[in-house]
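User: Could you walk me through this structure slowly? I'm new to this.

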Amino acid sequence: MNSAPANSKELLLEVKDLAVEFDTYGGTVQAVRGVNFSVEEGKTLAIVGESGCGKSVTVQSMMGLIPMPPGRITSGSARLKGHEILGRTIVNGKEIRGSEIGMIFQDPMTSLNPTMTIGDQIAEPLQVHRGYSYKKAFAEAIRLLEMSKIPEAAKRARQYPFEFSGGMLQRAMIAMAIACKPSILIADEPTTALDVTIQAQILDLLQDLQKETGMAIILITHDLGVVARMADEVAVMYAGKIVEHGMVDDVFYRSAHPYTLGLKDAMPNNDPSLQHELKPIEGSPPDLFSPPQGCGYTARCPYAMQICSKQQGENTYLTEHHFSRCWLHNSASPNKPDQLYFKEGA
Amino acid sequence: MSNLLEVVELTKFFDMGRNQRVHAVEDVSLTVAEKEIVGLVGESGSGKSTFGKTVLGLHDKTSGQVKFRGEVLPQKYQPKDYRRLATNMQMIFQDPYSSLNPRMTIGEIVGEGLKLHENPGASVIKERVALWLEKVGLQPDHMSRYPHEFSGGQRQRIGIARAMILEPEFVVCDEPISALDVSVQAQVINLLGELKESMGLTLLFIAHDLSMVRYVSDRMAVMYLGSLVEVGKSDEVYFDPKHPYTEVLIGSNPEPDPKLERSRPSTAIQGEIPSPVNVPAGCRFANRCPKVMDVCKNVTPQLIPLKDVDRQVACHLYQ
């Protein structure tokens, strides 16, 4: 069914200039303000940032999960295998939601229907999208639960969500999300509500499934440890924009945006010799009712210059795939802090 | 250093009726020295919050003793006990949203303890509240506002001011940062560190984030299903765990270091923490333990000190 040519370099999803607003009583919130990224087949892109930076809204807009009104996609495009998906529900005769893109959520407890058995809930997308009979769909649901490494799958499929633990529910959610063999799995903070031992199990499961099915994963998280563990590429978001993007090693070892550096310094690291000091990022993210004219990070940035509050910096490419959106990388910048990575010779 | 707090074989069961009991905390002994920070880690359901609350008398003890400065605290607190002890022992709660009364102003929330205990008069209370709001990084004029006007990090600061205004000696911090963003976590941790220094506080820091506990605390105690499995100096436990459960817990904690993460094997273990209603016989970790032996399924290992290192471990591998 899903017989896209297995060209490894083909871009599966390409998002350009996406902007999303919400009308509220307090005014219009500009939640996402021009986001560009792409996802390759079989790869994992992690979107990192604090609460309220627009990570979830970005992916929800692709799934058609933004309530309109009050939400509004003001600009941009998202092309899945070359077909526009923004504002549409069906592409190439297949429904996007659930069929082309699967999604799992942070809180499995509230994302499942408490009055349906787990098996019925997993069977539902197969009946809807694939036209399976109930019997066939339920048998497939049991197979999917086994794939998600749920013991005694046949018995578990007949149980209700309240009979499952948090980790088991997240496995059931994953089984449901991959039921129709989506080409992309969006995982929105999939392990935030779970304990570390269960988190490790779920992350292993996601990696195994990715190897088996070749699906791409968009992982939304604020935990840099999870990013280091899972991601091929990382996009760091702040105040509705991507401020740094690159391969995982680039972003971790050659951080080029002050916000990325701030996030890293605010976390305890694992260096035994160093009495590492936690450096919090002072202040809080800007109000997106009236987003700042310049760079959103100016008020909290230790290296802020005059121009930062007036104008947004350009994306400066340090390598072909690694960019930072910061004035410090401009050749005219007098300040080149040692902690940040700069293009050689710049 | 003398021990400020001494917990001896503390046990807390909750009766569920029908002859069923939740074995939340069983035979836990732990000492906390003066001006020390002890981190208590474990998965959810391991009984760490119950332990913290029972130590403070928020739950009645089923058995065991809690000694504070050598004084044995009552098994079941009466109102007069709370009144007397609340000035010495305080708590900071996990959820900064549900732990503040939405119908009280910040001034009332922070000043309430002072009003109940010392009652120095409205103007003094107002002064002290203003002072404490400043100390935790808020503005004195926030006093007349309500909790909904503040962000999570600010609310947690309000919770800290409320706990600190009586200038207690001992504070239980029950997951004070797990509901906060990374950048804000560091702000709250540093604030607690500063207050600890300036007030000479002793802290029991309950958390599930191991790297944060290692950073914050002098000693670390690891709890599993109601009992302690390992106690030792934080750095030593973190870099050289002895108990298989501690090893698993630390191995499962992803580090913000992609090269390290790629190089280390997955240590995910199967299974989940068993129900504290039907506690397994023998070692409680036996059914998930990668190094399980026959003896583990029958005999409960005791928490005993190791020979060569300053460490207590409850595991048959070392007995």
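Analyst: We can go through the contact between the chains and then the confidence.

Analyst: This is a predicted model, in which local features need pLDDT (the predictor's confidence in each residue, from 0 to 100) of at least 70, side-chain atom pairs count only at pLDDT 80 or more, and totals for chains, interfaces and linings use all residues. Residues are numbered from 1 along each chain as its sequence is written, chains are lettered from A in the order in which they are written, and side-chain values use heavy atoms, with hydrogens and water left out.

User: How many residues does each chain bring to the contact?

Analyst: Chain A gives 42 residues and chain B gives 34 residues, where contact means heavy atoms within 4.5 Å.

User: And how much area do they bury between them?

Analyst: About 3,300 Å² is buried between chain A and chain B, with 55% of it on carbon and sulfur atoms; buried area is the accessible area (1.4 Å probe) that two parts lose on being put together, summed over both.

User: How many salt bridges are there between chain A and chain B?

Analyst: The count is two, a salt bridge being a side-chain nitrogen of Lys or Arg within 4 Å of a carboxyl oxygen of Asp or Glu. One of them pairs A:R229 with B:E261, whose closest N and O atoms are 4.0 Å apart.

User: Switching topic, what is the mean pLDDT of chain A?

Analyst: The mean for chain A is 86, and 95% of its residues reach 70 or more. Over residues 1–8 of chain A, however, the pLDDT is below 50, and this stretch has 10 contacts in the model beyond near neighbours in sequence.
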